[in-house]
Amino acid sequence: MSQVFPEGRVVHPIEQESFRRLRSRLDTSHLPPLTRAVVERVIHSAADLEYADDLVTDEEALRHAHAALHAGAPVVVDVEMVAAGITRRATVCRLKEAVSGPGLTRSAHAVRLAYEQVGPGALWVIGCAPTALEELLRLDAAPALVIGLPVGFVGAAESKAALRASGLPAVSNVSEKGGSAVAAAALNALLYHPAPPPPAAEASTTVEAGAPVKETS
């Protein structure tokens, strides 16, 4: 039987069984709630348990990003494949209008165009092009979150290391792997996670302190 989750999302029995099997093979119960949601959904999207040790994020950053997302902050993606994987939220992708030039890839130009459109405070989801992530880091974009999970043998790991070094609120991973599906999954994890109760109700609850999945050196 399908389950109905917050905001009316119906979870298919196959997805329920997939998460049950994931949790039978990997204990994520020690992770803070939003970190756990992101780690599990990324692993689910790729059927790759190694992401549990490869992902780098922080619960406090996720809490702020979750609040911004549910308050209506824009979501920018680097390619349409990422947009296609994000459900229940419109996204901004300017790749079709972008053009390459000397020292500038189409993906990098698309980031410039998108920033001109959305301004600061957006959530950026980059799952394909390292040059898009590199260009975002050159801008004073003041993002609510950068999900930087580009894939590839050239520039991917380096761009993600630069993201972590920047101090921006981020979800990234250490290795060269990544891709549109896992980047979209990380954003969906925040979309699907229920919004916190109103402040009056929160006063009687205890919020679990966040901790990163992995500390960067």
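Throughout these legends, exposed means a relative accessible area over 50%, buried means one under 20%, and partly exposed covers what lies in between. The model shown is a predicted one.

**Figure 1. The two faces of helix 8 in the predicted model, with E158 and A165 exposed on one side.** In helix 8, which spans residues 156-166, the residues A156, S159, K160 and L163 are buried. Because these buried residues fall within an arc of 100° when the helix is seen down its axis, they line one face of helix 8. On the other side of the helix, E158 and A165 are exposed. The cover over the buried residues of helix 8 includes helix 7 (130-138), together with strand 6 (145-148) and strand 7 (170-173). After helix 8 comes G167, a residue with a positive phi, near 80°.

**Figure 2. Helix 9, a mostly covered helix of 13 residues.** Helix 9 runs through residues 180-192 and reaches 18 Å from its first C-alpha to its last, which is close to the 18 Å expected at 1.5 Å a residue. Twelve of the 13 residues of helix 9 are buried, and among them are S180, V182, N188 and Y192. The buried residues of this helix also include the alanines A183, A184, A185, A186 and A189, as well as the leucines L187, L190 and L191.

**Figure 3. The crossing of helix 6 and helix 7, whose axes come within 7 Å.** The axes of the two helices cross at roughly 40°, and helix 6 is therefore oblique to helix 7. On the side of helix 6, the contact is made by S107, A108, V111 and R112, while helix 7 contributes T131, A132, E135 and L136. In passing helix 7, helix 6 makes a right-handed crossing.

**Figure 4. Two loop residues, A47 and R88, that have a positive phi although neither is a glycine.** The phi of A47 is about 50°, and this residue lies in the loop that joins helix 2 (33-46) to helix 3 (51-54). With a relative accessible area of 72%, which is over the 50% cut-off, A47 counts as exposed. For R88 the phi is about 70°, and its place is in the loop between helix 5 (80-85) and helix 6 (106-118). The relative accessible area of R88 is 47%, so this residue is partly exposed.

**Figure 5. T57, a buried loop residue, shown with P169.** T57 is found in the loop between strand 3 (55-56) and helix 4 (59-70). Because its relative accessible area is 5%, T57 counts as buried. Although T57 and P169 are 112 residues apart in sequence, their C-alpha atoms are 8.2 Å apart in space.

**Figure 6. The whole predicted protein, with its ten helices and seven strands, as a setting for the close-up views.** Of the 217 residues in the protein, 46% are buried. Among the contacts with a separation of 6 or more, residues 24 or more positions apart account for 59%.

Note on methods:
Residues numbered from 1 in each chain as written. Predicted model: local features only at pLDDT ≥ 70, side-chain atom pairs only at ≥ 80, totals over all residues. Heavy atoms only, no water. Helix = DSSP H or I, 4+ residues; strand = E, 2+ residues; numbered from the N terminus. Buried < 20%, exposed > 50% of the residue type's maximum accessible area, 1.4 Å probe, protein only. Arc of directions from axis to C-beta. Contact = heavy atoms within 4.5 Å. Expected span 1.5 Å × (residues − 1). Axes fitted to C-alpha atoms, helices over the stretch in contact; angles between N-to-C directions. Parallel < 35°, antiparallel > 145°, perpendicular 65-115°, else oblique. Left-handed = near helix turned anticlockwise from the far one by under 90°.
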